[in-house]
Amino acid sequence: MSVCRGCCCGTPKVPGIDHAAQLTGLRTSLVGVAEVRPVDCLDACDRANVIVIQPSPQGRRAGGRPVWLGFVNDEDAARDITAWVAAGGPGLVDPPDILELYSFSPSRRIREGLEG
């Protein structure tokens with residue numbers, strides 16, 4: 001899982017959220033399940049805070065692709081994301097319906113920069 005912490009995500013530009021606590025909570029919830037790593041700007045600033053869920057090796061073999069989520073600015077969204085990843089994530093388990101509200105497709109240039 002890549003958690004944007006670049007120019008807008010993870011900064012006071014997105015008010016009303018404890019960004020450090022969000023990152024810690026994601027990491028704590030997924031210990032032993034998935035690596036949660038902060039990354040520089042993912043160039044999707046209009047959707048801050050952005051998280052990209054990478055499929056596990058098994059998920060990728062099953063056809064899973066990275067899922068981009070934006071506006072992840074509340075604890076409920078973070079809980080839904082970590083529950084989905086813990087259950088198997090992309091390619092293995094369908095995401096909760098609520099995550100459709102957060103899902104988006106970045107430009108090919110941005111996608112290739114992270115996935116390439």
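1. Asn49 is found in the loop between β2 and β3, and the peptide bond that leads into this residue from Ala48 is cis, with omega near -5°. Since the model is a predicted one, this bond is a feature of the prediction and is reported here as such. Asp43 lies in the loop between β2 and β3 as well; phi of Asp43 is near 60°, a positive value in a residue other than glycine, and the residue is partly exposed, with a relative accessible area of 40%.

2. A positive phi, of about 60°, is also found at Phe71, although Phe71 is not a glycine. The residue belongs to the loop between β4 (67-69) and α3, and at 40% relative accessibility Phe71 counts as partly exposed.

3. As to the chain as a whole, there are four helices and five strands, and from the N terminus on the elements run in the order β-α-β-β-α-β-α-β-α. For 116 residues a compact globule would have a radius of gyration near 13 Å, and the chain, with 13 Å, agrees with that expectation. Along the principal axes, the C-alpha atoms fill a box of roughly 40 × 30 × 25 Å.

4. Of the 116 residues, 41% count as buried, and the accessible surface of the chain comes to about 6,400 Å², of which carbon and sulfur atoms hold 51%. Among the contacts in the chain with a separation of 6 or more, 64% are accounted for by residues that stand 24 or more positions apart.

5. Helix α1 (residues 19-29) deserves a separate look: His19, Gln22, Leu23 and Leu26 are buried in this helix, and they lie on the same side of α1 because they cover an arc of only 95° around the axis. An α-helix has 3.6 residues a turn, so residues three or four places apart point the same way. On the other side of α1, Ala20 and Thr28 are exposed. The cover over the buried residues of α1 includes the strands β1 (2-4), β2 (37-39) and β3 (51-53), together with the helix α3 (75-87). At the start of α1, a side-chain oxygen of Asp18 reaches to within 3.3 Å of the backbone nitrogen of Ala20.

6. Which residues does Gln22 contact, leaving aside its neighbours within four places in sequence? They are Arg5, Ile17, Asn49 and Val72, so that Asn49, the residue that follows the cis peptide bond from Ala48, is one of the contacts of this helix residue. Gln22 has its place in helix α1 and counts as buried, at 10% relative accessibility. With Val72 there is a polar link, in which the side chain of Gln22 reaches the backbone oxygen of Val72 at 2.9 Å.

7. The cysteines call for some care in reading, given that a search of the whole structure finds zero disulfides. Cys7 is in no disulfide, and the nearest cysteine sulfur, that of Cys45, is 3.3 Å away; Cys9 is likewise in no disulfide, with the nearest cysteine sulfur, that of Cys4, at 3.5 Å. A pair of cysteine sulfur atoms counts as a disulfide within 2.5 Å, which is why neither distance qualifies. Where the surroundings are concerned, Cys7 is partly exposed, with a relative accessible area of 40%, whereas Cys9 is buried, with a relative accessible area of 1%.

Key: Residues numbered from 1 in each chain as written. Predicted model: local features only at pLDDT ≥ 70, side-chain atom pairs only at ≥ 80, totals over all residues. Heavy atoms only, no water. Buried < 20%, exposed > 50% of the residue type's maximum accessible area, 1.4 Å probe, protein only. Helix = DSSP H or I, 4+ residues; strand = E, 2+ residues; numbered from the N terminus. Arc of directions from axis to C-beta. Contact = heavy atoms within 4.5 Å. Polar contact = N/O pair within 3.5 Å; in protein donor to acceptor, adjacent residues only side chain to side chain. Rg over C-alpha atoms; globule rule 2.2 N^0.38 Å. Areas by Shrake-Rupley, 256 points an atom, 1.4 Å probe, with all protein chains shown as cover.
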